[in-house]
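Q: I am new to this structure. Please take a close look at its disulfides, if any, and then link that part to the rest of the fold.

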Amino acid sequence: MASTSVASFLPNINWTHKVRVLGADEVFSTNDILCNNFDRRHFIDFDYLKSIDFQNVTGVQDGGLVEPTPSCSGINGTKSDADHVVGMIKKRLRVSLLVGDRTGWVQYRLQNVLVVDRLPVPIHISWNALDRLMPDRIDSWDEGLLMLQPSLRSTIFPPRFRSHPYWSRGNEVYIGSIASEGLERTLQLTQEVEESATGRPSQLRRGRACATCGTASSDLRVCGRCRAEYYCSTECQRQRWAIHRNTCQRVNG
């Protein structure tokens, strides 16, 4: 029987999304869109986090991680018994997330991010924990969208992740907790994860990420016409106008 004492990594194989963690260069992340999984937690690779957190915002450099809530040390679904949860980031983790070509980049502060000693991806974000956020379109035949959000494959991730056992061919199949445990048990497990969460929930930070490139800042310029999108420069605003013009509506007053 499934248990929250073991975290569950079950990514959607049809969609990945670009993210920028702590203002670092963009990488692809996995997600749990339409996945039948109880876990509503985010995961990040230990070495990847150390390589980008130069200012030790997360505590990863000096042992400042805290005990996960609910408590867990193992992780299921990575196809490796050697992967373990080494701790949880105490503060919310700042990420810029590319939602899609229509919405562009937005910033989130992620709650209760689990740090795993070796993930097959740099970061996994539970979209089910992000105010029911969904991508602009879910259409695997839309080639334009697939350029922004390609399907899950090892080649889109940095080279060092490609040797992880998750990417090896095998007969292991992970079908999710709804199929293995049933809907009622899955809902119980999800409730346990959510009720044990600490700190403030994951939150959308409006106006903190450039819609074009994802640059995180508290000093962005807003679209003067609709006041709904933000940009880090005139060049970024100009680049995005071909898309934004279709949804940009003047605000009265």
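A: **Disulfides, then the fold**

The count of disulfides is zero, where a disulfide is a pair of cysteine sulfur atoms within 2.5 Å. Cys35 is in no disulfide, and its nearest cysteine sulfur, that of Cys72, is 18 Å away. Cys213 is in no disulfide either. For Cys213 the nearest cysteine sulfur belongs to Cys232, 3.7 Å away.

This is a predicted model: local features need pLDDT of at least 70 and side-chain atom pairs count only at pLDDT 80 or more, while totals for chains, interfaces and linings use all residues. Residues are numbered from 1 along each chain as its sequence is written, and side-chain values use heavy atoms, with hydrogens and water left out.

Where do Cys35 and Cys213 stand, buried or exposed? Buried means under 20% relative accessible area, exposed over 50%, and partly exposed in between, with a 1.4 Å probe and protein chains only. Cys35 has a relative accessible area of 17%, so Cys35 is buried. Cys213 reaches 22% and is therefore partly exposed.

A further cysteine sits in a helix. Helices (H or I, at least four residues) and strands (E, at least two) are DSSP runs, numbered from the N terminus. In helix H5, residues 234-244, Cys236 is buried along with Arg240 and His244. They share one side of H5 because they cover an arc of only 65° around the axis. That arc is taken from the directions that run from the helix axis to the C-beta atoms. Arg238, Gln239 and Ala242 are exposed on the other side of H5. The cover over the buried residues of H5 includes strand E8 (104-110) and strand E13 (230-231). Contact here means heavy atoms within 4.5 Å.

E8 leads us to the sheet. Nine strands make up an open sheet of mixed pairing, in the order E6-E9-E4-E10-E3-E2-E7-E8-E11. Two strands pair if DSSP finds at least two bridges between them. Strand E6 (85-88) and strand E11 (203-205) have a single partner strand each, so one side of each lacks a neighbour in the sheet. On average, neighbouring strands of this sheet are turned by 35° against each other, direction ignored. The axes behind that angle are lines fitted to C-alpha atoms, for helices over the stretch in contact, and angles run from 0 to 180 degrees between N-to-C directions.

Now look at strand E2, residues 17-21. Five of its five residues are buried. His17, Val19 and Val21 point one way from E2, while Lys18 and Arg20 point the other way. In a regular strand the side chains alternate between the two faces of the sheet. E2 runs antiparallel to strand E3 (residues 27-31), joined by three bridges. Lys18 has Phe28 as its bridge partner in E3. Five residues separate E2 and E3 in a hairpin, and Leu22 in the turn has a positive phi of about 55°. E2 also pairs with strand E7 (residues 93-100), antiparallel, over three bridges. Opposite Val19 stands Leu97 in E7.

Strand E4 offers another close view. E4 (residues 42-45) runs antiparallel to strand E10 (residues 123-125), with two bridges between them. Phe43 faces His124 of E10. Asp45 also lies in E4. Its relative accessibility is 0%, so Asp45 counts as buried. Setting aside neighbours within four places in sequence, the contacts of Asp45 include Asp117, Arg118, Arg160 and Phe161.

Helix H4, residues 183-196, can be read the way H5 was. H4 has 14 residues and spans 20 Å from first to last C-alpha, close to the 20 Å expected at 1.5 Å a residue. The expected span is 1.5 Å times one less than the number of residues. Thr186, Leu189, Thr190 and Val193 are buried in H4. Their arc around the axis is only 100°, which puts them on the same side of H4. Glu184, Leu187 and Glu195 are exposed on the face turned away. Helix H3 (177-181) is included in what covers the buried residues of H4.

Last, the loops. Thr69 and Pro70 are joined by a cis peptide bond, with omega about -5°. Pro70 lies in the loop between helix H1 (46-52) and strand E5 (74-76). Lys79, in the loop between E5 and E6, has a positive phi of about 65° though it is not a glycine. At 23% relative accessibility, Lys79 is partly exposed.
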